[in-house]
Amino acid sequence: MSNLGIGTDEWVAQHEERLASQSPLKKLFARIPLWAKWGSFFLIAFLFGMLSDNQYLLRVGVNLALFIMLSYGLNIVVGYAGILDLGYVAFYGFGAYGYALLSSEQLGQHWPTYVTVPFITILTAILGYLISLPSRRLFGDYLAIVTLFFGQVFVQLVLASDNITFPWADDYVDITAGSNGIPGLDTFNLFGYIFDDIKDYYWLLMVIVLVLTVAIHRVSATRIGRAWRTVREDALVSEVMGVSVKRVKTLAFVAGATIAGFAGTIFAGMQTSVFINGFDLPLMVMIYAAIILGGSGSLAGALIGAIIMTILPELLRVPNYGAILFFVALLLTFFVLSKKFSRFLIYVVSIILIGFAFQLAMKAIGVTQANAEDWVVGFTGDLLKNWLFVPENRILWGNFAFILLLSLIAFFSIAKPIWKHVLLPFIGFTAIFLWEVRLIADVSTTRQLIIGAMLVVLMILRPQGLFGQTRVEIL
Amino acid sequence: MLKLSNISMEFGALKTLNDLSIELKEKEIVSVIGPNGAGKTTLFNVITGLYKPTSGSVKLGSQEMLGLSPAEINRAGIARTFQNVRLFLNMSVLENVMSATFGRTRSGLFSSALGLKRSRKEEAEVKEKAQELLKFFGTRLTGYRWDQPAFSLSYANRRRLEIARALATDPKVLLLDEPAAGMNPKETQEITEIVGSLRAERGLTILIIEHDMHVVEGVSDRVVALDYGVKIAEGDFDHVATHPDVVEAYLGKGSTATK
Ligand SMILES: Nc1ncnc2c1ncn2[C@@H]1O[C@H](COP(=O)(O)OP(=O)(O)OP(=O)(O)O)[C@@H](O)[C@H]1O
Ligand SMILES: [Mg+2]
């Protein structure tokens, strides 16, 4: 970098170096053809579908496929076209509620599936088009706020539409059942074939995801996909170069909405019930997390992101898996941060010593210890119960530990290198304490914390996401 | 070919262009010169539809450009580069050029998604065209550079890429905003040659803004000098370069007094 001659540019100067410096694993990965990488994913999915009869796992598979559809769709809108759409999940909800209303006793409608699904999907596309009209003049933050508003309007409308009075009727009309949700939906019935097994949905979704993968891959590599990316890069120049920016943006928005709406109908049919809180901001956040994690603007990234965001919460549901994940992550973090194995060992020994010191100190000031049966959840608790001192008032201590941990990490991030070495073992101990005392039992909080922590770590180590391209904004 | 008549452009009280008329004949190369803030870039912005002038008209052939969107103006046959080089930085070199064929191609969402034959054929044509255009600049933007992101290019190469991108829209008229800015003498000489060959090989009509007088002298059939949005001189290079108003505009009032 330093001794560049005149007339050469950085990239050329680094070209050979960059090629040579790739790790062998990376080289190997680069040599596998694209179709083989994708193919192996679908092959695994296919074999799993053939071999497994585990209802729970199949359901996870179905949820994964739906999540992949959502992240594919959002990736078109946000990743390719750069439209920050925070109301995206409303299209999913619209599809699901649309299907629900036409396939249940709620309105007494039982339309055939092969009519309902295309009809609702097209309706979602039209809705997407209408919402894109005011949105397409807006950029960035403004657009985000307007779409967030549309998303919330959808939620409020569904909540409020259980009690509508028309001037000509005496009684109120209940359209959406409000917060009660709509149960008892018809499952899919395609020309007499009834989807009464979760596996039916599994196969249907696998085909859909396969088709979508091929289609989106093709589109993104050709004319429309390129136009989307030029709009993301610099909409003004894009327009000056002959791209109909408004039309192209609308197309991305509608394509995303259509995929979400379609996914919504399948979700409703599979679930045979819909509740509005399933289509609110938490899901939105998860989809965004998936595409950011995978690398915004990358199709493979959207897939990997969806896999992580679906599998991880499932794993964390089981305390032992969660514990393995936690301790592996903790050790890995320490390993990476210590850079040398000897230092890593010193950290581990320090953490162990801190644990004993903590035990002595607590006993010295007379804090009562909790019974092991009260707090040991997973096997790690079993292993650690003679080392880790858990006070009786666990919740309170857990909260303290949480605040202490955050403070330590904050302090760590600005501390001088020498202090970092001192701080790290304390951070490690506090994290273990917090995990065993509170997090392992409190699954839902833990999930969010871990996902949040993962995103933070990833954004520091690899801001472009796992599969994203390095990006520059301004030079 | 391109006829600008009586264009005025105001930003609030400031008159940036004042009753300006310029006409370009087919295959003519005209330079616009003038001190900083004279309104040269503003003129380009008016022609390409980014600014709406207060009054006047812009005609390409017999077609009125005012009132069309920038994309429509581009498709009518006017392409440009930007003074501050605006590439699609996170797209590859080849994609930058290919993306500019949007207005000349047809593949839609579905024909691409289905991989229809005509879509694949069009894609191959577009790719070949882009590679062809990049070869215009010798070997600098060819080969393994095709797949590099635009942000990895050197400054001079970015300027070249921007010209290639403009050419990909199949323009009749090309507007170049300071193509030699920030280039060394050798690269500047090369730009002069390239501008000449753009006309010779592709039959383009070119309007070029340039501060470097060697370039202006080297390429122009005619030179237009602007100051405060007013045309102060027009004619061949020698005429304009020695015109007292031009000298005054560049050097200030004092210098004419000592002349
Ligand atoms: N969008 C705008 N709003 C307000 N004023 C503007 C705008 N665009 C240009 N101007 C003003 O118009 C005048 C002419 O600007 P312009 O960029 O056209 O100059 P120029 O001749 O290209 O100068 P340079 O040689 O520095 O590129 C300047 O005073 C500028 O401040
Ligand atoms: Mg300028």
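Start where chain A meets chain B: in this predicted model, 16 residue pairs are in polar contact between the two chains, both partners at pLDDT 80 or more. To see what builds chain A's side, select α1 (10-21), α8 (198-221), α9 (223-240) and α10 (245-271) of chain A, each of which supplies at least two residues that touch chain B. Colour α9(A) separately, since the largest share of that side, 15 residues, comes from this helix. By type, the residues of chain A's side are 17 nonpolar, seven polar and 12 charged.

Now show both sides together. You should have 36 residues from chain A and 44 residues from chain B in the contact. About 3500 Å² is buried between the chains, 63% of it on carbon and sulfur atoms.

Which residue forms a salt bridge with A:Arg229? Zoom in on B:Glu95, where the closest N and O atoms of the pair are 2.4 Å apart. Across the interface there are three salt bridges.

Next, hide chain A and look at the sheet of chain B. Six strands form an open sheet in the order β6-β7-β8-β3-β9-β10, with mixed pairing. Select β6 (78-80) and β10 (230-235) of chain B: each has a single partner strand, so one side of each lacks a neighbour in the sheet.

Move inward to β3 (29-33) and β9 (222-227) of chain B, a parallel pair joined over four bridges. Here B:Val30 stands opposite B:Arg222.

Finish with two helices of chain B. Helix α7 (185-202) packs on the sheet, touching β3, β7 (173-177) and β8 (205-209). Helix α10 (244-251) of chain B lies across β3, β9 and β10, at about 130 degrees to β10(B).

How values were computed: Residues numbered from 1 in each chain as written. Chains lettered and ligands numbered in written order. Predicted model: local features only at pLDDT ≥ 70, side-chain atom pairs only at ≥ 80, totals over all residues. Heavy atoms only, no water. Contact = heavy atoms within 4.5 Å. Buried area = accessible area lost by both parts, 1.4 Å probe. Salt bridge = Lys/Arg side-chain N within 4 Å of Asp/Glu carboxyl O. Polar contact = N/O pair within 3.5 Å; in protein donor to acceptor, adjacent residues only side chain to side chain. Nonpolar A, V, L, I, M, F, W, Y, C, P; charged D, E, K, R; others polar. Pairing = 2+ DSSP bridges. Axes fitted to C-alpha atoms, helices over the stretch in contact; angles between N-to-C directions.
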